[in-house]
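Colleague: I'm new to this one and would love a close look at a single part. Could you pick a spot, start there, and walk me outwards to whatever else helps me find my way around?

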Amino acid sequence: MQTYNQLLLSNKVWAKEKVYDDPEFFKRLADVQHPEFLWIGCSDSRVPANEITDTQPGEIFVHRNVANLVVNTDVNLLAVLDYAVNSLKVKHVIVCGHYGCGGVKAALTNHDLSPMLNVWLRNIKDVYRIHRTELDAITDTEQKTDRMVELNVQEQVFNLAKTAIIQRAWKHRQGPHLHGWVYGLKDGLIKPVFEMPAGTHIDELYEYDDL
Ligand SMILES: [Zn+2]
C-alpha cells in the first residue's frame, strides 16, 4: 500500500473514534470556530501545534513557516494575523520556535543554499546582527544555536508588535497578549522565553500615533 493511503485510512479511524467519544464533535466544529490562540510556529514536522499542547481541533489557529518568522512583507502571515486578531479576536498570539531548528542552524552558516532559502533565512541573520555581542561570546555551537533560537523568537514577537494590526488591537481592545516560546525536541517541553502583554511600548520609531 502507498504510504499516503495509510494517512487516509488513519483519518477514517480517527474520525470514527472522535464521534464515538463525542457524537456532537464535528457538528459543533462545522458551525463555527472560536480559537483563543494564534500559533506561529516552525514548519518542522516534529513540532505540531495541537499535539504538543494537547489541544483539539478548533482551539488553535495556526500559521507555520520555516523558523517561525514574522516578516513584515509576508502577505500570507499578515493575512493570517489580520484574520486571527480582527475577526477571531484571539486573546493570545504565540510564536513558538524549537531548539535544534534547521532553519536557524542553516542561517548561522555561510552556505549558498538556494535563492529562496537565502532570501528567507537572511531574516535570521539580521536577528544575529542585533544580538551579535552576546552570540559571538558563545563558543559552543549547540549552545549558540539554542540561544539564537530563543532570540529569534523574541525578535519575531517584536516584529508582531511593530505591525499596525497588533498596535490597533492593543489600542481598541487591550489584546492580544504576545508570547515567545521554545519547544525542546529532546524532552517535549515548552519553555516560555519572552512575553509582551497588550499595550507594551516598543521603540517609538515603530509606534503609530494615529491609529
Ligand atoms: Zn525549525
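**Starting from one acidic side chain**

Modeller: Let's begin with Asp126, which has a relative accessible area of 21% and so counts as partly exposed. The cut-off for buried is under 20%. Bear in mind that we're looking at a predicted model here.

Asp126 has a partner: Arg122 forms a salt bridge with it, and their closest N and O atoms sit 3.4 Å apart. As a general point, side chains of opposite charge can pair when their charged atoms come close. The two are both in helix 6, with their positions four residues apart, or about one turn of the helix. Arg122, with 49% relative accessibility, is partly exposed as well. The line for exposed is drawn at over 50%, so 49% leaves Arg122 on the partly exposed side.

Now stay with helix 6, because it takes us straight to another feature. Helix 6 covers residues 115-130, and both it and helix 8 (141-161) supply at least two residues to the lining of the largest pocket. Helix 6 gives the largest share of that lining, with five residues. The pocket itself has a volume of about 420 Å³. In total 17 residues line it, and the ones nearest its centre are Val70, Val71, Asn72, Asn159 and Lys162. The lining is a mix: seven residues are nonpolar, six are polar and four are charged.

Back to charge pairs for a moment. The model has ten salt bridges in total, so here are a few to set beside the one we started with. Arg132 and Asp136 make one, with an N to O distance of 3.4 Å. This pair belongs to helix 7 (residues 132-136), and again the partners are four residues apart, about one turn of the helix. Arg132 is partly exposed at 47%, and Asp136 is partly exposed at 42%. Asp22 and Arg28 are another pair, meeting at 2.8 Å, N to O. At 23% relative accessibility Asp22 is partly exposed, and Arg28, at 48%, gets that label too. There is also a group that goes beyond a simple pair: Glu134, Arg147, Glu150 and Lys191 join up in a network of salt bridges.

Next stop, the metal. A zinc ion has three protein donors, Cys42 through SG, His98 through NE2 and Cys101 through SG, at 2.0 to 2.3 Å from the ion. Along the sequence those donors follow the spacing C-x55-H-x2-C. The two cysteines bring distant parts of the chain together: Cys42 belongs to strand 1 (residues 37-42), while Cys101 lies 59 residues away in the loop between strand 3 (92-98) and helix 5 (102-107). Here the accessibility picture turns around. Cys42 has just 6% relative accessibility and is buried, and Cys101 is buried at 2%.

Strand 1 gives us one more lead to follow. Gly41 is in that strand, and at 1% relative accessibility Gly41 is buried. Leaving out residues up to four places away in sequence, Gly41 touches His63, Arg64, Asn65, Asn68 and Cys96. Pick His63 from that list: it is found in strand 2 (residues 60-65) and is buried at 6%. With sequence neighbours up to four places away left out again, His63 touches Leu38, Trp39, Ile40, Gly41, Asp74, Asn76, Leu77 and Val80.

To get a feel for the distances, try two long spans. From Gly41 to Lys171 is 130 residues along the chain and 26 Å between C-alpha atoms. From Ala15 to Ala67 is 52 residues in sequence and 31 Å, C-alpha to C-alpha. Ala15 sits in helix 1 (residues 3-21) and is partly exposed, at 24%.

How values were computed:
Residues numbered from 1 in each chain as written. Predicted model: local features only at pLDDT ≥ 70, side-chain atom pairs only at ≥ 80, totals over all residues. Heavy atoms only, no water. 1 Å grid on protein atoms, 1.4 Å probe; cavity = no way out; pocket = protein on both sides within 12 Å on 5 of 7 lines; lining within 4 Å. Points joined across faces, edges and corners; volume = space filled by probe spheres on them. Nonpolar A, V, L, I, M, F, W, Y, C, P; charged D, E, K, R; others polar. Donors = N, O, S within 2.8 Å, 3.2 Å for Na, K, Ca; no water. Buried < 20%, exposed > 50% of the residue type's maximum accessible area, 1.4 Å probe, protein only. Contact = heavy atoms within 4.5 Å. Salt bridge = Lys/Arg side-chain N within 4 Å of Asp/Glu carboxyl O.
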